[in-house]
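Hi,

Here is the structure I promised to pass on. Have a look at it first, and my notes on what turned up are underneath.

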Amino acid sequence: VSWYIFYVGSFKNLTSTTYNIANPNSHYLLCKQYAARNSLRTVARASAQTTQRRSAQTVPRFGSEEQMKKEATEHIKARIAKQKQIEKGNHVSHEEEMAEMVKWVKLSIIVAAPVCVLSVAKDLLLVDHPHRKHGPEPDYMRIRNKEFPWECSDCELFEQECWKKCREEKAAGN
């Protein structure tokens, strides 16, 4: 029973319809509705396709073996000729490709350089960067589970004031 409830519950989420578990026909109706919806989606996807279909036939018609070979050879020759025609129309020389590449490199530099300069200027001039406040920190900010692995084990790596104070204490203690 619990499997049946889970099964109906999973389809309940898909269809947004409430079904009575006690009614044995509700499962049939649920499956029927699900199948109808999926078939409609398949038809809609098939009608919405805009891709171009191939027009070249690759399978020869039935006939004698010689006729089939001849027709297959003609199909291959026609496909090769069409491919050569396509490549001939799209051919670009190496010099033209290099000129196009140089054009886009220059265009990228012309666009990227001002953007970089302006973003750095904005960050330096307009945005206030919050730093740690000077002075003693609350105890909860300096919790140490283990000591740091350097000579002043309570100081953070780039906290110069703490390092200076620690070194003065060590020099006064020696």
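**What I found**

The chain has five helices and zero strands, so read along the sequence the pattern is simply α-α-α-α-α. Before you go further, please keep in mind that this is a predicted model.

Some overall numbers to start with. Of the 174 residues in the chain, 7% count as buried. The chain exposes about 16100 Å², and carbon and sulfur atoms supply 60% of that area. As for contacts between residues at least 6 apart in sequence, 5% join residues at least 24 apart.

**The aromatic residues and the core**

What sits in the largest nonpolar core? It has five residues, namely C152, C155, C162, W163 and C166. Leaving aside residues up to four places away in sequence, C162 touches D154 and C155. W163 has a relative accessibility of 8%, which is why it counts as buried; the cut-off for buried is under 20%.

W163 also belongs to an aromatic cluster, together with F148 and W150. The count of aromatic pairs comes to two. F148 and W150 make a stacked pair, with 4.9 Å from centre to centre and 15° between the planes. W150 and W163 make a tilted pair, at 6.4 Å centre to centre and 35° between the planes. That tilted pair links distant parts of the chain: W150 is in the loop between α4 and α5 (160-173), while W163 is in helix α5, 13 residues apart.

Are the other two cluster members buried or exposed? Neither word fits: F148 is at 25% relative accessibility, so it counts as partly exposed, and W150 is at 27%, so it counts as partly exposed too.

**Salt bridges**

There are four salt bridges by the count used here, and these are some notes on three of them, in sequence order.

- E65 and K69 meet through their side chains, at 3.5 Å from N to O. The two are about one helical turn apart because they are four residues apart in helix α3 (residues 65-90). E65 counts as exposed because its relative accessibility is 57%, and K69 counts as exposed because its value is 53%.
- E100 forms a salt bridge with K103, with the closest N and O atoms 3.4 Å apart. Both lie in helix α4, three residues apart, which is about one turn of the helix. E100 has a relative accessible area of 38% and so is partly exposed; K103 has 43% and so is partly exposed.
- D123 forms a salt bridge with K122, and the closest N and O atoms are 3.2 Å apart. D123 is partly exposed, with a relative accessible area of 33%, and K122 counts as partly exposed at 39%.

**A nonpolar patch on the surface**

Which residues make the nonpolar surface patch? They are M98, M101, V102, V105 and I109, and the patch covers about 420 Å². V105 is in helix α4 (residues 94-125). At 43% relative accessibility, V105 counts as partly exposed, because that value falls between the cut-offs of 20% for buried and 50% for exposed.

If you open the model, I would start with the cluster of F148, W150 and W163, then go along helix α4 to find V105 and the pair of E100 and K103.

Cheers

How values were computed. Residues are numbered from 1 along each chain as its sequence is written. This is a predicted model: local features need pLDDT of at least 70, side-chain atom pairs count only at pLDDT 80 or more; totals for chains, interfaces and linings use all residues. Side-chain values use heavy atoms; hydrogens and water are left out. Patches are made of residues with over 30% relative accessible area and no salt bridge: like charges are joined within 9 Å, nonpolar side chains (Val, Leu, Ile, Met, Phe, Trp, Tyr) within 5 Å. Accessible areas come from the Shrake-Rupley method with a 1.4 Å probe; for residues, only the protein chains shown count as cover. Buried means under 20% relative accessible area, exposed over 50%, partly exposed in between (1.4 Å probe, protein chains only). A nonpolar core is a set of buried Ala, Val, Leu, Ile, Met, Phe, Trp, Tyr and Cys residues joined through side-chain atoms within 4.5 Å. Contact means heavy atoms within 4.5 Å. Rings of Phe, Tyr and Trp (its six-membered ring) pair if their centres lie within 6.5 Å; planes under 30 degrees apart count as stacked, over 60 as edge-to-face and the rest as tilted.
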